[in-house]
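Subject: Structure handover

Dear colleague,

I am passing on the structure we spoke about, and my notes on what was found in it follow below. Please read them with the coordinates open beside you.

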Amino acid sequence: LLTALTDTELVLSAINHAQVYRYLVKPWGEEELRIVMRQAAEYSMLLRKNAQLLGALESRERELTELNAHLEGLVKARTQELE
């Protein structure tokens, strides 16, 4: 978040609505800005990777549920044959 505004309420509103990673107070050092930008990029990458992994997990859970239902059907059919 980079702003020239000094109204604290507006700044806090922007932070809350935009999910700001970090707020730097001016003047900031060049090295501090680099570190924060690198950390923000890493955080963003981790969030994307987490979303991908969760999506893959949900897909795998659906697949396993379908396979389980299929196996239960096979067991039921075989049980009926044996009876």
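Which residues form a nonpolar patch on the surface, and about how much accessible area do they have together? In this model, which is predicted, the patch consists of Y21, Y43 and L47, whose combined accessible area is about 310 Å².

Two members of that patch also meet through their rings. A search of the whole structure finds one aromatic pair; the ring centres of Y21 and Y43 are 5.3 Å apart and the planes stand at 40°, so the pair is classed as tilted. The pair links distant parts of the chain, since Y21 sits in the loop between α1 (8-18) and α2 while Y43 belongs to helix α2, 22 residues apart. Y21 is partly exposed, with a relative accessible area of 39%, and Y43 is likewise partly exposed, at 43%.

As for the overall form, the secondary structure comes to two helices and zero strands, and helix α2 covers residues 30-82. The C-alpha trace spans about 80 × 30 × 10 Å along its principal axes, and the radius of gyration is 26 Å, where a compact globule of 83 residues would have a value near 12 Å. Of the 83 residues, 5% count as buried, and the protein exposes about 7500 Å², of which carbon and sulfur atoms supply 58%.

Turning to charged side chains, a search of the whole structure finds five salt bridges. One of them joins R22 to E32, with the closest N and O atoms 3.6 Å apart; because R22 lies in the loop between α1 and α2 whereas E32 lies in helix α2, this pair ties together parts that are ten residues apart in sequence. Both partners are partly exposed, R22 at 39% relative accessibility and E32 at 33%.

Another salt bridge, between R60 and E63, has an N to O distance of 2.8 Å, and these two residues lie three apart in helix α2, about one turn of the helix. Salt bridges that share partners also join E30, E31 and R34 into one network. Within that network, the closest N and O atoms of R34 and E31 are 3.5 Å apart, and these two residues are separated by about one helical turn because they are three residues apart in helix α2. R34 counts as partly exposed at 43% relative accessibility, and E31 is partly exposed at 45%.

With best regards

Terms used
Residues are numbered from 1 along each chain as its sequence is written. This is a predicted model: local features need pLDDT of at least 70, side-chain atom pairs count only at pLDDT 80 or more; totals for chains, interfaces and linings use all residues. Side-chain values use heavy atoms; hydrogens and water are left out. Patches are made of residues with over 30% relative accessible area and no salt bridge: like charges are joined within 9 Å, nonpolar side chains (Val, Leu, Ile, Met, Phe, Trp, Tyr) within 5 Å. Accessible areas come from the Shrake-Rupley method with a 1.4 Å probe; for residues, only the protein chains shown count as cover. A salt bridge is a side-chain nitrogen of Lys or Arg within 4 Å of a carboxyl oxygen of Asp or Glu. Helices (H or I, at least four residues) and strands (E, at least two) are DSSP runs, numbered from the N terminus. Rings of Phe, Tyr and Trp (its six-membered ring) pair if their centres lie within 6.5 Å; planes under 30 degrees apart count as stacked, over 60 as edge-to-face and the rest as tilted. Buried means under 20% relative accessible area, exposed over 50%, partly exposed in between (1.4 Å probe, protein chains only). The radius of gyration is taken over C-alpha atoms; the globule rule is 2.2 Å times the number of residues to the power 0.38.
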